[in-house]
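Subject: Structure handover

Hello,

Here is the structure for your files. My notes on what turned up follow below it.

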Amino acid sequence: MGIEQVRDYLQDWDMAGNILEFEVSSATVELAALALNTEEARIAKTLSFLVENKAILIVTTGEVKIDNKKFKQEFGCKAKMLSFDMVHDMIGHEVGGVCPFGVKEGVDIYLDVSLQNYDFIYPACGSANSAIKLTHEQLYDISKAKKWVDVCKLK
């Protein structure tokens, strides 16, 4: 999987041509903000967790982190991120390019309400040097998110 799978996935929304590719890494929030010349808060980071032996993704803004108490209230368990080795096998993307597009069957996607604070955000597109500019409404529709959640706090 990777950027080509995401490109194929985004064709259903006529968005494949909107993928931005960089000559530099955008694998972290900080690097993505530099590559895009934008603030870190506008980077939509996709975090992978294990809930009831199933992988889920939570997309947040770059300025927040998971609040363990809120996570437990929402999902009924402690927040346990997938290990580096588990990410590709369970999600379908490599660490640094994980995004909510073109993921493996059965991976539920949730969007944190922190994304609603911005008119547009930049999620990755399956590689460590790509992104796409979307509104949070577009991200919700295109990612086929299960629902909005409130599981974060400021760093």
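Ser-130 is buried, because its relative accessibility is 2% and the cut-off for buried is under 20%. The model is predicted, so please read every value here as computed from it. Ser-130 sits in strand E7, residues 130-131. What does its side chain reach? The side chain of Ser-130 comes to 3.3 Å from the backbone nitrogen of Cys-125. There is also a polar contact of 2.9 Å between the side chains of Ser-130 and Ser-127. Leaving out residues up to four places away in sequence, Ser-130 touches Ile-3, Ile-19, Leu-20, Glu-21, Phe-22, Ser-26, Pro-123, Ala-124 and Cys-125.

Next, the loop between H4 and E5. Two of its residues are worth a look.

His-93 is found in this loop. His-93 counts as buried because its relative accessibility is 0%. Which backbone atom lies 2.8 Å from a polar atom of the His-93 side chain? The backbone oxygen of Phe-101 does.

Lys-104 is found in the loop between H4 and E5 as well. Buried, exposed or partly exposed? Lys-104 is partly exposed, because its relative accessible area is 31%, and partly exposed covers the range between 20% and 50%. Lys-104 and Ala-55 lie 49 residues apart in sequence, yet their C-alpha atoms are 9.6 Å apart in space.

Now the strands. E2 and E3 run antiparallel, joined by eight bridges. Ser-48 has Leu-57 of E3 as its bridge partner. The hairpin of E2 and E3 has two residues between the strands, and Glu-52 takes a positive phi near 50° there. E3 also pairs with E5. Those two strands run parallel, with four bridges between them. Here Ile-56 has Asp-108 of E5 as its bridge partner. Why is E3 described as largely enclosed by the rest of the structure? Seven of its eight residues are buried, so the description follows.

On to the nonpolar cores. In soluble globular proteins, nonpolar side chains tend to be buried together. The largest nonpolar core in this model has 33 residues. Leu-10, Ile-91, Phe-101, Leu-134 and Leu-139 have the most contacts inside it. Six elements are listed as giving two or more residues to this core: helix H1 (3-11), strand E2 (43-51), strand E3 (54-61), helix H4 (84-91), strand E5 (108-112) and helix H5 (136-143). Which of them gives the most? H1 does, with four residues.

Leu-134 touches Met-15, Phe-101, Asp-119, Phe-120, Ile-121, Pro-123, Leu-139 and Ile-142, again leaving out residues up to four places away in sequence. Another core lies apart from the largest one. This other core has 15 residues, including Leu-47, Phe-49, Ile-58 and Tyr-110.

Last, the cysteines. How many disulfides does a search of the whole structure find? Zero. Cys-77 is in no disulfide, and its nearest cysteine sulfur, that of Cys-152, is 15 Å away. Cys-152 is likewise in no disulfide, with the sulfur of Cys-77 as its nearest at 15 Å. The cut-off for a disulfide is within 2.5 Å, so this pair does not qualify. Cys-152 counts as buried, because its relative accessibility is 6%.

Best wishes

Conventions. Residues numbered from 1 in each chain as written. Predicted model: local features only at pLDDT ≥ 70, side-chain atom pairs only at ≥ 80, totals over all residues. Heavy atoms only, no water. Core = buried A, V, L, I, M, F, W, Y, C linked by side-chain atoms within 4.5 Å. Buried < 20%, exposed > 50% of the residue type's maximum accessible area, 1.4 Å probe, protein only. Contact = heavy atoms within 4.5 Å. Polar contact = N/O pair within 3.5 Å; in protein donor to acceptor, adjacent residues only side chain to side chain. Pairing = 2+ DSSP bridges.
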